[in-house]
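Trainee: I would like a close look at the packed interior of this protein. Please go through the nonpolar residues and the aromatic rings in one connected account.

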Amino acid sequence: MIPETLKPGAHRVHSSYVWLGSLPIILSLIVASLPGLVQVLTLVLIVPLMALIAVLVLGLRVLGWTRLSYELSETEFRKSWGVVFKRKTHVPYQRIQSVNQSARPLQRVVGVCDVRIETAGGSSNEAIVLQCMRVSEVEALRGELFRRKKVLLDGGSLDAWGSATVDGVVYPSQWACIQYGIDPSQARPVRVDGTPVDVASSTRASAPSAPSGGISVAGSAQPGAEANLLGGVAAASDRFRGLDGGEAVETGPVSYETGLSNVELLLAGLTGIGSSVGVVLAALFGALGYLPSVVNDRLRAYFEEMAGSSLDPTLSLQAGDMASFSANGLVGAIAIALFVLFILLVFSALGSMLTYGSFRLRRRGSRIEIESGLVSRAFHGIDVDRVQSIVIDQSFFRRLIGYCEIRVEKIDTLDPSQKQAGQAVHGTILHPFIKLSRVPSLLEGILPEFASYPDLAVRPAPAALRRGIMRIAVWRNFGAYAAIAMGVLLAVSFALDPLVASDQALVVLISIARGIIGVLLAFCLIDVVLSIVRAVLWFKGSGIGYDRRFMTLVNGGFSRRTSVVPRQKIQFATLSANPFQRASKVRCASVRTAAGIDGKTTTLWDLSLSDANAWLEWARPRG
């Protein structure tokens, strides 16, 4: 059965668009009104009001669904929507870069997903989003859009039924065959004058996902490569296409495919907490907030004891009591912080394993495809021409065990929700956790265009070590400024001792404050020392390498980031220097690509003047 997506004319998305979009609003209303439902009078007023609002929400959603449509014309993809204000979007097929899909748990049960059609990108471009399309229709739409793009890029044309004409040869579409009563499987290309064409020499536009150019990808597909324990669950989940998902649609041959091994899945899960740094910090600060309450309780008990024993002039707080007084609070806060951190680590690890348990990475024609998610499913497609650079990231933990994360930075677009939220796009993960020694073989299979990149040849100047220590450990380190502030406060506390010696309460408060300040000062000094070590590691591990086609830029430290940029993707290269750099005869080397929404700049500090000029000469555009 040929999906309706390929039929000429306007099409609607799946009818689940109505209730799947209304359900979150209605559930929010029910939850918000639960406190008032316990009173009979409130119940009489709220239930009819909630019913009315639910009807209005459903009614508006139905209107939106009836006004939402999409269409494939001879030259462009069209989307039309809007109830009060009608809007239309026209996207030429040549500008389409990727067709991505994602499905939440309820959508997977129904067999629908949300679709993002991305164009050439930039801050002024928004992705086209279609919600609640059948999975089979999305798969057919993806193949058809790229087929039409290829036909037009090859100088051909399309008719209303999607039949392609390239170099005087007509390739009938599936719906055109049905229209004329021809079995699509028996259809053959013919010339415009009606004479038959040799099938072997006419495959140029027949395959929907055939590459439109570039290098050919060697190797064979590896559908079983790097399977893990959750792979069987993922396969079963994929076989269940939902209540109305339709049959799977073939979108072209796969030349390379891989996934995560059991070890990689486990390690990716254990390091998944890095994606929730904000939550972790909030939890830690919340746990440390327990300390003031402990101090407050101890102070209240102490002052009550003093008030009850005011006739005893020898009453005082001994040194051992004071140490116990502050130590117990610190131990309690640290214990709670560690417990919260452990719980977050467990949940983050489980979440990461559910995300990457079904991870698959494949090369299909001129596109890279990434699928992930056991509960919620996501599909990302990347056109190779859209890739601006490859980033190989090694966090501190990954460096210790010899693993890394591979990410591609590409030209991106934002959907309206991301644009309103001001979200940034930081590339797409190709592989979340791979052994460093496997990177060349992975790139050879999935992205051979980037497989041979140069090693480092130019290191920072000798003066960069001194400057790096000052920049990383002092000028840009909050811990250094905090250490100075803690030292000043500690000196002030000692200076106040003679002035408050007669006031026992103030002596206790200053002693407690001094202990806390001392602990904070120790942490700040440790941070400064670690920053000095990081600066030394940066100096030893950073540099630039370049050859005829690529540039490799590495910034090291406790973590390490390697950026591989094709020379033809460089928008501009610059050398910059502040007065201190000019005095040291060093320069910052910066390269900018079109990656992300507004472009991305990557910088290496403090190259020697001669090395910097040689690199700039290499980056100079050639005629």
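Mentor: What follows describes the nonpolar cores, then the rings, and then how far the model can be trusted.

This is a predicted model. Its largest nonpolar core has 35 residues, and F77 and L145 are the ones with the most contacts inside it. Several elements give two or more residues to this core: helix 1, strands 2 (69-72), 5 (98-103), 6 (112-118) and 7 (128-134), helix 4 (135-153), and strands 9 (164-166) and 10 (169-171). Helix 4 gives the most, with six residues.

Take L145 in detail. Not counting residues up to four places away in sequence, L145 touches L72, F77, Y93, I96, V99 and I117. There is also a second, separate core of 27 residues, which includes L260, L265, L430 and L443.

Helix 1 covers residues 16-33, and S16 lies in it. S16 has a relative accessible area of 1%, so it is buried. Apart from its neighbours within four places in sequence, S16 is in contact with G21, V110, V112 and C132.

Now the rings. The count comes to five aromatic pairs. One of them is Y70 with F77: the ring centres are 6.1 Å apart and the planes are at 25°, so this pair counts as stacked. Y70 and F77 are both buried. Another is Y403 with F433, where the centres are 5.1 Å apart and the planes are at 40°, so the pair is tilted. Y403 belongs to strand 17 (residues 403-410) and F433 to strand 18 (residues 428-435), so this pair ties together parts that are 30 residues apart in sequence. Both Y403 and F433 are buried.

Two rings also have a charged side chain over them. The charged end of K79 sits over the ring of W81, 4.5 Å from the ring centre. R367 lies over the face of F146, at 4.1 Å from the centre of that ring.

Last, the confidence. The mean pLDDT of the protein chain is 79, and 78% of its residues reach 70 or more. Over residues 309-320 the pLDDT is below 50, and this stretch has eight contacts in the model beyond near neighbours in sequence. Residues 418-424 also stay under 50, with seven contacts beyond four places in sequence. Where pLDDT is low, the predicted coordinates should not be read in detail.

Terms used: Residues numbered from 1 in each chain as written. Predicted model: local features only at pLDDT ≥ 70, side-chain atom pairs only at ≥ 80, totals over all residues. Heavy atoms only, no water. Phe/Tyr/Trp six-rings, centres within 6.5 Å; stacked < 30°, edge-to-face > 60°. Buried < 20%, exposed > 50% of the residue type's maximum accessible area, 1.4 Å probe, protein only. Helix = DSSP H or I, 4+ residues; strand = E, 2+ residues; numbered from the N terminus. Lys NZ or Arg CZ within 6 Å of the ring centre and 35° of its normal. pLDDT = per-residue confidence, 0-100. Contact = heavy atoms within 4.5 Å. Core = buried A, V, L, I, M, F, W, Y, C linked by side-chain atoms within 4.5 Å.
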